[in-house]
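Got the model open on your screen? Let's take a walk through this fold together, one piece at a time.

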Amino acid sequence: PLDVAKVTNDPCSGLTAAQLAPYMGTLQRSTKSQYNNGTGCLFEPADGHQAGIGVLVCPSNSGPGTLTQSGFPWQEPAGDIAGYPAEHQSQGGASGPATGDCQTMVAVSNQASLAVYIDDSEPDYKYYTDACTAADKLAAELIANIKGGG
């Protein structure tokens, strides 16, 4: 199990500007948010034509059994991300992530999960039809940062 305490209070520390840059360009700002099930961070790009990226940290009551209970209109198993079970989720309805958004939710213990989501409305965005690929890579980097303490 992965201890998510480090990023629970500061989810914006989970990914660096350098890690985000390939998927969103220059980071303009990051904003912490509180949700019923955890804390999140929205990373906003300086260029409004790039994707917004978010991190969600759910420290309790959201282990592997809840991956498929998200209520997203589109879901699919994502296999393992950094050795943990994961699910792809999208607001894109039947189109899934082909409409510029994808969330990769990873169960990192029996209680905790992490999510990275990408949302872009610009069809020329590099990952517009494959946002799950970018979300998967960033989720793996988030996990590596937590494990490494960096």
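What follows is a short tour of the sheet, the helices lying across it, and the core. Keep in mind that this is a predicted model.

**The sheet**

Start with the strands. Seven of them form an open sheet in the order β1-β2-β3-β7-β6-β5-β4, and the pairing is antiparallel. At the edges you'll find β1 (27-35) and β4 (74-81), each of which pairs on one side only. Neighbouring strands in this sheet are turned by 20° against each other on average, ignoring direction.

Here are some of the antiparallel pairs:

| Strand pair | Sense | Bridges |
|---|---|---|
| β4 and β5 | antiparallel | seven bridges |
| β3 and β7 | antiparallel | seven bridges |
| β6 and β7 | antiparallel | seven bridges |

You can spot single partners too. Ile81 stands opposite Tyr84 in β5. Over in β7, Tyr117 is the bridge partner of Gly54, while Ser113 is the bridge partner of Ala107. As for how the chain gets from β6 to β7, a hairpin of five residues joins them. Strand β7 is mostly covered, with five of its seven residues buried.

**Two helices across the sheet**

Now look at what lies across those strands. Helix α2 (residues 17-24) lies across β1, β2 (38-45) and β3 (52-58), and it runs at about 60° to β2. Helix α3 (residues 131-148) lies across β3, β4, β5, β6 (101-107) and β7 (113-119), running at about 140° to β7.

Let's zoom in on α2. Which of its residues are buried? They are Gln19, Leu20, Tyr23 and Met24. These buried residues cover an arc of only 110° around the axis, so they sit on the same side of α2. On the other side of α2, Ala18 and Pro22 are exposed. And what covers the buried residues of α2? The cover includes β1, β2, β3 and α3. Right after α2 comes Gly25, which has a positive phi, near 75°.

**A closer look at Gln19**

Gln19 is worth a stop on our tour. This residue lies in helix α2. Is Gln19 buried or exposed? Its relative accessibility is 15%, and the cut-off for buried is under 20%, so Gln19 counts as buried. Its side chain reaches the backbone nitrogen of Thr16 at 2.9 Å. The side chains of Gln19 and Glu141 are joined by a polar contact of 3.0 Å. If you leave out residues up to four places away in sequence, Gln19 touches Gly14, Leu138, Glu141 and Asn145.

**The core**

Finally, let's go inside. The largest nonpolar core has 38 residues, and the ones touching the most other members are Ile53, Val108, Leu114 and Ile118. At least two residues of this core come from each of α2, β2, β3, β4, β5, β6, β7 and α3. Which element gives the most to this core? That's α3, with nine residues.

Try clicking on Ile53 next. Not counting residues up to four places away in sequence, Ile53 touches Leu20, Tyr23, Met24, Cys41, Leu42, Phe43, Val116, Tyr117, Ile118 and Leu138. Apart from the largest core lies another one, of six residues, including Cys58, Met105, Ala107 and Ala115.

Conventions: Residues are numbered from 1 along each chain as its sequence is written. This is a predicted model: local features need pLDDT of at least 70, side-chain atom pairs count only at pLDDT 80 or more; totals for chains, interfaces and linings use all residues. Side-chain values use heavy atoms; hydrogens and water are left out. Two strands pair if DSSP finds at least two bridges between them. Helices (H or I, at least four residues) and strands (E, at least two) are DSSP runs, numbered from the N terminus. Axes are lines fitted to C-alpha atoms, for helices over the stretch in contact, and angles run from 0 to 180 degrees between N-to-C directions. Contact means heavy atoms within 4.5 Å. Buried means under 20% relative accessible area, exposed over 50%, partly exposed in between (1.4 Å probe, protein chains only). A polar contact is a pair of N or O atoms within 3.5 Å; within protein, one must be able to donate a hydrogen and the other to accept it, and residues adjacent in sequence count only if both atoms are side-chain atoms. A nonpolar core is a set of buried Ala, Val, Leu, Ile, Met, Phe, Trp, Tyr and Cys residues joined through side-chain atoms within 4.5 Å. The arc is that of the directions from the helix axis to the C-beta atoms.
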